[in-house]
Amino acid sequence: MYHKISWQINIGAYRLGLLDSVEIHKSVDLLADTCIIKLPASVFNYTLNVEDKINPGDKVKVQLGYDDNLKDEFEGYLRRIDTDDGSLILNCEDDLYLLRKPVKDKEFKGVGLKDIVQYVLSETGVALKQNVTLNITYEKFVINAANGYDVLQKLQDETKGNIYIRDGVLNVHPLYTEKHGYVTYSFQQNIESSDLKYRTKEDRRIEVIVENTDAKGKIIEERAGTTGGEKVTIKAGGMTKEGMKQKAENEHRLRSYNGYEGSITGWLIPYVEPGMSAKVIDEDYPKKDGSYYVTAVTTTVSSSGGVRKIQLGIRLN
């Protein structure tokens with residue numbers, strides 16, 4: 001049984017002594033992990049003044065746990081300070097914050113993701129290695145009035161790749177190809193609540209259509225999935241036919257499987273993050289047991305306790 005919520009938050013050289021709440025959101029569908037820290041604006045009628053102690057760009061480290069057993073939950077940078085309803089709100093972003101620097105306008109032709117990523121790193125001057133396994137080539141890719149973060153955001157939006165920084169490496173990989181660990185959830189033990197629904201492939205009849213416009217202005221398509229069901233159309237500006245086909249197949253795989261869809265909510269233990277495999281067990285319905293790729297995790301700590309909301313992606317087995 002878990003007891004007292006424990007936390008330690010450092011921003012620059014300042015260690016927070018008071019906290020209303022902290023919410024950490026991590027997702028393979030979003031470019032950066034974010035952390036929102038809420039502080040009381042005043043304590044016992046005295047104004048809490050931290051704005052002269054911390055500044056945007058300061059390094060942030062958040063540790064959470066029970067009974068002083070702390071685990072690193074977030075590392076990044078303070079992006080901005082807001083005020084709302086009497087609270088101070090500290091908006092933080094992971095290491096991708098470092099790429100919010102302008103890059104020169106450029107038009108690429110016949111370019112792969114590795115070359116685009118290398119251009120972003122060179123232009124921003126951020127000393128990161130790169131590990132790009134997502135093999136997509138653009139016939140044309142244009143950078144105009146953008147910073148490095150904007151360019152990576154465009155790449156993620158168009159390719160649905162998993163883009164993140166870890167241990168000094170900027171990673172770009174196909175979704176669902178990496179496994180960052182394993183965790184088990186049981187309806188009878190450590191699932192507090194859920195909104196899960198169990199559906200079959202037949203329930204998910206879907207056809208994915210990826211569209212592009214060629215040099216002559218003609219619309220070209222690549223398709224994946226089952227005709228006669230729901231149609232999902234996605235624009236893919238500048239991609240080659242091979243890239244469009246891969247994108248269509250990836251999108252269909254995301255949306256068509258036998259198993260649960262939705263989210264579960266548990267506590268701070270076990271630790272879980274996107275990219276992990278979560279086994280979901282129900283002793284009352286063992287035929288529905290299965291493992292799922294975790295796509296997003298929202299961790300919240302406040303006076304009410306600590307919880308994690310885990311979004312499940314495709315079924316892995």
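## Around L316

L316 sits in the segment that follows β26. This is a predicted model, so take what follows as a reading of computed coordinates. With a relative accessibility of 28%, L316 is classed as partly exposed, because that value falls between the 20% cut-off for buried and the 50% cut-off for exposed. Setting aside neighbours within four places in sequence, L316 makes contact with K179, S277, S291, Y292 and Y293. One of these partners, S291, is 25 residues away along the chain, yet the C-alpha atoms of L316 and S291 are 5.4 Å apart.

S277, another of those partners, belongs to strand β24, which covers residues 277-281. Is S277 buried or exposed? S277 is buried, at a relative accessible area of 5%. Beyond residues up to four places away in sequence, S277 touches G181, Y182, V183, S291, Y292 and L316. So S291 and Y292 turn up in the contact list of S277 and in that of L316 as well.

## Strand β23 and its partners

Strand β23 spans residues 259-266 and is mostly covered, with 7 of its 8 residues buried. Which strand is joined to β23 by 5 bridges? That is β26 (residues 305-315), and the two run antiparallel. Within this pairing, I264 has I310 as its bridge partner in β26.

Strand β19 (residues 197-199) is also antiparallel to β23, with 3 bridges between them; here R199 is matched with G259. Then there is β18 (residues 193-194), again antiparallel to β23, joined through 2 bridges. S193 finds its bridge partner in T265 of β23.

## A three-stranded open sheet with a helix across it

Elsewhere in the model, 3 strands make an open sheet with mixed pairing, ordered β21-β20-β22. The edges are β21 (219-225) and β22 (230-235), each of which pairs on one side only. From one strand to the next, the twist averages 25 degrees.

Strand β20 (residues 206-213) pairs with β22 in the parallel sense, over 6 bridges, and I209 has T233 as its bridge partner in β22. Helix α3 (residues 241-255) lies across β20, β21 and β22, and runs at about 35 degrees to β21.

## Pockets

If you are looking for open space, the largest pocket has a volume of about 620 Å³. Its lining counts 24 residues, and those nearest the centre are K26, D33, I165, R166 and E273. The elements that contribute two or more residues to this lining are β3, β8 and β15 (162-166), with β15 giving the largest share at 5 residues. By class, the lining of the largest pocket comes out at 9 nonpolar, 4 polar and 11 charged residues.

The second largest pocket has a volume of about 220 Å³. It is lined by 17 residues, and the closest to its centre are Y176, L254, Y257, L312 and G313. Two or more lining residues come from each of α3, β23, β25 and β26, and β26 gives the largest share, 4 residues. The class split for the second largest pocket is 8 nonpolar, 5 polar and 4 charged. The helix that lies across the open sheet, α3, and the mostly covered strand β23 are thus both among the contributors to this lining.

## The enclosed cavity

How many cavities of 30 Å³ or more does the structure hold? There is 1, with about 40 Å³ of space in it. The lining is made up of I24, K26, E73, Y271, V272, E273, P274, V297, T299 and R308. Two elements, β3 (21-27) and β25 (290-302), give two or more residues to it. In class terms, the lining divides into 5 nonpolar, 1 polar and 4 charged residues.

K26 and E273 line this cavity and also appear among the residues nearest the centre of the largest pocket.

## Y77 in β8

Strand β8 (residues 69-84) holds Y77. Y77 counts as buried because its relative accessibility is 15%, under the 20% cut-off. Apart from neighbours within four places in sequence, the contacts of Y77 are G57, D58, K59, V60, N91, C92, E93, D94, D95, Y97 and L98. For C92, which is 15 residues from Y77 along the chain, the C-alpha separation is 5.4 Å.

Note on methods
Residues are numbered from 1 along each chain as its sequence is written. This is a predicted model: local features need pLDDT of at least 70, side-chain atom pairs count only at pLDDT 80 or more; totals for chains, interfaces and linings use all residues. Side-chain values use heavy atoms; hydrogens and water are left out. Buried means under 20% relative accessible area, exposed over 50%, partly exposed in between (1.4 Å probe, protein chains only). Contact means heavy atoms within 4.5 Å. On a 1 Å grid over the protein atoms alone, a cavity is a set of points where a 1.4 Å probe fits but cannot get out, and a pocket is an open set with protein on both sides within 12 Å along at least five of seven lines; lining residues have an atom within 4 Å of a point. Grid points are joined across faces, edges and corners, and a volume is the space filled by probe spheres set on the points. Ala, Val, Leu, Ile, Met, Phe, Trp, Tyr, Cys and Pro count as nonpolar, Asp, Glu, Lys and Arg as charged, and the others, Gly among them, as polar. Two strands pair if DSSP finds at least two bridges between them. Axes are lines fitted to C-alpha atoms, for helices over the stretch in contact, and angles run from 0 to 180 degrees between N-to-C directions.
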